[in-house]
Amino acid sequence: MRNLEQMPGHLIRRLQQIAVAVFHTEVDAVGFDMTPVQFAALVRVAENPGIDQITLAGLIAYDRTTIAGVVDRLVQKGFLSRAVSEKDRRAKVLHMTDAGTDALSRLGPAVEKAQQVMLSGLDRQEADDFMRLLQKATEAVNDLSRAPLRSGSKSAEKD
């Protein structure tokens, strides 16, 4: 068996722990209590006004049964509004509030700084290569996830 420090799963888990810690540090510094998943949800709702919760879950690779809790917290914070869909009364559609739009614009620089910190051990070329390879590896096994990423957003269409 390989050394634990040479196993991709172990290193990816550690990098995820570090990424979440760095995200919280930068976001807390600008006065927000927000998780990476909540931020991703805000971004996708801003890109897709009127999106339903199930589609949102697919666009951020999050479990369909627990997306409601993420949305509940964003609604409670005043960042999203939720309403019954006019097309399908079973679906809930989401829109950014003014407070959500403001939060997203204020969070942007902090989240960008977090991304830079996460890659700070790499030079520019290494960071570009790492991101390309990380995307390639993730896309190759996407369907093995309990919550696979589903295309349909503006950023997913670029791939």
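1. Let's start with the sheet of this predicted model. Its 3 strands form an open sheet, and reading across it the order is E1-E3-E2, with antiparallel pairing. Strand E1 (51–52) and E2 stand at the edges, and each has a single partner strand, so one side of each is left without a neighbour in the sheet.

2. The pairing of E2 with E3 is worth following on the structure. Strand E3 covers residues 92–96, and 5 bridges join E2 to this strand, the two running antiparallel. If you would like one pair to look for, take arginine 82, whose bridge partner in E3 is leucine 94.

3. Next, a helix and the sheet. H2 lies across E1, E2 and E3, and runs at about 90° to E3.

4. Now for the aromatic rings, where the count comes to 2 aromatic pairs. In one of them, phenylalanine 32 and phenylalanine 79 have ring centres 6.3 Å apart and planes at 50°, so this pair is tilted; the tilted class lies between planes under 30 degrees apart, which are stacked, and those over 60, which are edge-to-face.

5. Where do phenylalanine 32 and phenylalanine 79 lie? Phenylalanine 32 is in the loop between helix H1 (8–29) and helix H2 (36–47), while phenylalanine 79 is in the loop between helix H4 (67–76) and strand E2 (80–84), so the pair ties together parts that are 47 residues apart in sequence.

6. Are these two rings' residues buried or exposed? Phenylalanine 32 counts as buried at 9% relative accessibility, and phenylalanine 79 is buried too, with a relative accessible area of 10%. The cut-off for buried is under 20%.

Definitions and conventions:
Residues numbered from 1 in each chain as written. Predicted model: local features only at pLDDT ≥ 70, side-chain atom pairs only at ≥ 80, totals over all residues. Heavy atoms only, no water. Phe/Tyr/Trp six-rings, centres within 6.5 Å; stacked < 30°, edge-to-face > 60°. Helix = DSSP H or I, 4+ residues; strand = E, 2+ residues; numbered from the N terminus. Buried < 20%, exposed > 50% of the residue type's maximum accessible area, 1.4 Å probe, protein only. Pairing = 2+ DSSP bridges. Contact = heavy atoms within 4.5 Å. Axes fitted to C-alpha atoms, helices over the stretch in contact; angles between N-to-C directions.
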